[in-house]
Amino acid sequence: MTNKTTLKGTYCILMDLISNQSISIGKLGEIEFKKGYYVYVGSALNSLMPRIKRHLSQNKKLHWHIDYLLNHKDVEVVNVLYAVDVNRWECKLALEIAGTTSEITDFGCSDCTCSSHLFFSTYYDDLLYYSLNAFKKLKLNPKRYIIQ
């Protein structure tokens, strides 16, 4: 049996921004975000579940780009999808989603050559479909994380 704290994997956090906002994102500076839905693609090659829980917590040190967005008062996480796998699928998953919707340039990808790991749509159902489809194209078995 695998210990849940040592699981490795890739995840998508789907969130709703309820109004247009200018949000300071660490070293990226101020970014203009449109009202709508966003999906962030990340990975944790150690401690997948604790990483997801950390992202969902409001009480954390702001470290990654996504921390700044998730801690904004007008952002609500509406879904989290993840796949357990020992390989790093984050960039391939982001590339699959990138071809379907608009992206926030340079967001969440300072440690790779991707143009973004954050994507936008005015429609939640579209982002959910694109995210699930990206997992399936890569032959990953996505599961839903229960938000508490």
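Two strands pair if DSSP finds at least two bridges between them, and the strands themselves (E, at least two residues), like the helices (H or I, at least four), are DSSP runs numbered from the N terminus. This is a predicted model, in which local features need pLDDT of at least 70 and side-chain atom pairs count only at pLDDT 80 or more, while totals for chains, interfaces and linings use all residues. Residues are numbered from 1 along each chain as its sequence is written, and side-chain values use heavy atoms, with hydrogens and water left out.

## The sheet and its helices

Six strands form an open sheet with antiparallel pairing, in the order β6-β7-β4-β1-β5-β8. Strands β6 (102-103) and β8 (143-144) stand at the edges with a single partner strand each, so one side of each is left without a neighbour in the sheet. At one of these edges, β6 is joined by two bridges to the antiparallel strand β7 (residues 118-121), where Phe120 is the bridge partner of Ser102.

Helix α1 (residues 48-56) packs on the sheet and touches β1 (9-17), β4 (36-44) and β5 (75-84), with a direction that makes about 170° with that of β5. Contact here means heavy atoms within 4.5 Å, and the angles, which run from 0 to 180 degrees, are taken between the N-to-C directions of axes fitted to C-alpha atoms, for helices over the stretch in contact. Helix α4 (residues 124-137) lies across β1, β4, β5, β7 and β8, and runs at about 15° to β5.

Strand β5 is joined to β1 by nine bridges, the two running antiparallel, and Asn79 in β5 stands opposite Leu14. Towards the other edge, two bridges join β5 to β8, again antiparallel, and here Leu81 stands opposite Arg144 in β8.

## A buried glutamate

Which helix holds Glu90? Its place is in helix α3 (residues 90-98), and with a relative accessible area of 5% Glu90 is buried, where buried means under 20% relative accessible area, exposed over 50% and partly exposed in between, for a 1.4 Å probe and protein chains only. The side chain of Glu90 makes a polar contact with that of Ser43 at 2.7 Å; such a contact is a pair of N or O atoms within 3.5 Å, of which, within protein, one must be able to donate a hydrogen and the other to accept it, and residues adjacent in sequence count only if both atoms are side-chain atoms. Apart from its neighbours within four places in sequence, Glu90 is in contact with Thr10, Val41, Gly42, Ser43, Gly108 and His117.

## Salt bridges

A salt bridge is a side-chain nitrogen of Lys or Arg within 4 Å of a carboxyl oxygen of Asp or Glu, and the count by this rule comes to five. The table gives some of them.

| Pair | N to O distance |
|---|---|
| Arg54 and Asp67 | 2.9 Å |
| Lys73 and Asp74 | 3.5 Å |
| Glu96 and Lys137 | 3.5 Å |

Arg54 and Asp67 meet in a salt bridge, and since Arg54 lies in helix α1 and Asp67 in helix α2 (residues 65-70), the pair ties together parts that are 13 residues apart in sequence. Arg54 is partly exposed at 23% relative accessible area, whereas Asp67 is buried at 0%. In the pair of Lys73 and Asp74, Lys73 counts as exposed at 70% and Asp74 as buried at 12%.

Glu96 and Lys137 also meet in a salt bridge, and because Glu96 lies in helix α3 and Lys137 in helix α4, this pair ties together parts that are 41 residues apart in sequence. Arg88, Glu90 and Asp111 are joined into one network by salt bridges that share partners.

## Aromatic pairs

Rings of Phe, Tyr and Trp (its six-membered ring) pair if their centres lie within 6.5 Å, and planes under 30 degrees apart count as stacked, over 60 as edge-to-face and the rest as tilted. By this rule there are seven aromatic pairs. The rings of Tyr11 and Tyr40 have centres 6.4 Å apart and planes at 50°, so the pair is tilted; Tyr11 lies in strand β1 and Tyr40 in strand β4, so parts that are 29 residues apart in sequence are tied together. Both Tyr11 and Tyr40 are buried.

The rings of Tyr40 and Phe107 have centres 6.3 Å apart and planes at 75°, so this pair is edge-to-face, and it links Tyr40 in strand β4 with Phe107 in the loop between β6 and β7, 67 residues apart. Phe107 counts as buried at 0% relative accessibility. Ring pairs link Tyr11, Phe33, Tyr38, Tyr40, Phe107 and Phe120 into a cluster.
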